[in-house]
Amino acid sequence: FSTFRIADKRKINVRAFDYSSLSIKYAKAIQKSGNKKNTIAFYHGNILNIDEPDNQFDKVYTIRVLINLLSWSLQKKAILEMHRVLKPGGLFLMSEAFMGGLRNINQLRKLANLEPLKLHDFNLYLFERKLELFLKKYFEIIAIKKFSSIYYTASRFIRYLTMKKSDKDSFANEINNLFAKYEETENSGDFGIQKLYVLRKK
């Protein structure tokens, strides 16, 4: 769905792959519905061995992809593959989950005696400092967007302050819907797990 939204907002051609054959099949079925632009080529692929030539793309992106690789070695290999297929000076938009944001939101929850948010067994969140040290050789860090900080503060902290023990938990509620509309500012803090690193290939 993210790929469709990106393609709808920009006059671009996209080559999009996923490790899941079922996900690709589903995406192609949606594309054939006639409601989507035919500017996306979906195919089955592996980020550890991208079937594309060197220096091919103006921009590349991941959205919660690297965190599904369960070792730092594999995550680094995937980043280098994205670097390989990107043109010199091209942009890598890395939208992934990070340990720093998880730590900060849990420190906030602790103030209200709330249970900490836990990392799923099938995810390996990135450590900001370790990532940035690795990136130095290959990319210039243009920006770090902490776009989910306001939403996480509301949905994982403020929301629970308003709940009674008998209330049923749900992400569909007035607080979450309201704070999802707010954009990041210089005062947003670092309480969101999801961040966007904007990187330029050296």
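Begin with the whole chain in view: the protein has seven helices and six strands, and the model you are looking at is a predicted one. Following the chain along its sequence, you will meet these elements in the pattern α-β-α-β-β-α-β-α-α-β-α-α-β. Show the C-alpha atoms alone and turn them about, and you will find that they fill a box of roughly 55 × 45 × 30 Å, taken along the principal axes. Of the 202 residues, 40% count as buried. Among the contacts with a separation of 6 or more, 80% are made by residues 24 or more positions apart.

Next, select helix 4, residues 99-111. How far apart are the C-alpha atoms at the ends of helix 4? They are 19 Å apart, which agrees with the 18 Å that the 13 residues of this helix should span at 1.5 Å a residue. Colour Gly 100, Gly 101, Leu 102, Asn 104, Ile 105, Asn 106, Leu 108 and Arg 109, which are the buried residues of helix 4. What covers these buried residues includes helix 5, helix 6 (149-161) and strand 6 (194-201), and it is worth displaying each of those elements in turn.

Keep helix 4 on screen and add helix 6. The axes of helix 4 and helix 6 come within 10 Å and cross at roughly 15 degrees, and that makes helix 4 roughly parallel to helix 6. Their crossing is right-handed. To see where the two helices touch, show the side chains of Ile 105, Leu 108 and Arg 109 from helix 4, together with Tyr 152, Thr 153, Arg 156, Phe 157 and Tyr 160 from helix 6. Sorted by class, this contact has five nonpolar residues, one polar residue and two charged residues.

Now move just past the end of helix 4, where Asn 113 follows, in the loop between helix 4 and helix 5. The phi of Asn 113 is near 60 degrees, a positive value in a residue other than glycine. Is Asn 113 buried or exposed? Asn 113 is exposed, with a relative accessible area of 73%.

Carry on to helix 5 (residues 128-135) and select helix 3 (residues 72-85) with it; the axes of these two come within 12 Å and cross at roughly 40 degrees. Helix 3 and helix 5 are therefore oblique to each other, and their crossing is right-handed. The residues that make this contact are Trp 72, Lys 76, Ile 79 and Leu 80 on helix 3, and Lys 130, Leu 131, Phe 134 and Leu 135 on helix 5. By class, the contact of helix 3 with helix 5 has six nonpolar and two charged residues, with no polar ones.

For the last stop, go to the loop between strand 2 (40-44) and strand 3 (57-63), and pick out Ile 47 there. Ile 47 is buried, with a relative accessible area of 8%. Which residues is Ile 47 in contact with, leaving aside its neighbours within four places in sequence? They are Phe 17, Thr 62, Val 65, Leu 66, Leu 69, Ala 78, Glu 81 and Met 82. Select His 83 as well: this residue lies 36 residues from Ile 47 along the chain, and the C-alpha atoms of the two are separated by 11 Å.

Asn 55 is also found in the loop between strand 2 and strand 3. Its phi is near 55 degrees, a positive value in a residue other than glycine, and Asn 55 is partly exposed, with a relative accessible area of 40%.

Technical notes:
Residues are numbered from 1 along each chain as its sequence is written. This is a predicted model: local features need pLDDT of at least 70, side-chain atom pairs count only at pLDDT 80 or more; totals for chains, interfaces and linings use all residues. Side-chain values use heavy atoms; hydrogens and water are left out. Axes are lines fitted to C-alpha atoms, for helices over the stretch in contact, and angles run from 0 to 180 degrees between N-to-C directions. Helices (H or I, at least four residues) and strands (E, at least two) are DSSP runs, numbered from the N terminus. Angles under 35 degrees count as roughly parallel, over 145 as roughly antiparallel, 65 to 115 as roughly perpendicular and the rest as oblique. A crossing is left-handed if the near helix is turned anticlockwise from the far one by less than a right angle, and right-handed if clockwise. Contact means heavy atoms within 4.5 Å. Ala, Val, Leu, Ile, Met, Phe, Trp, Tyr, Cys and Pro count as nonpolar, Asp, Glu, Lys and Arg as charged, and the others, Gly among them, as polar. The expected span of a helix is 1.5 Å times one less than its number of residues. Buried means under 20% relative accessible area, exposed over 50%, partly exposed in between (1.4 Å probe, protein chains only).
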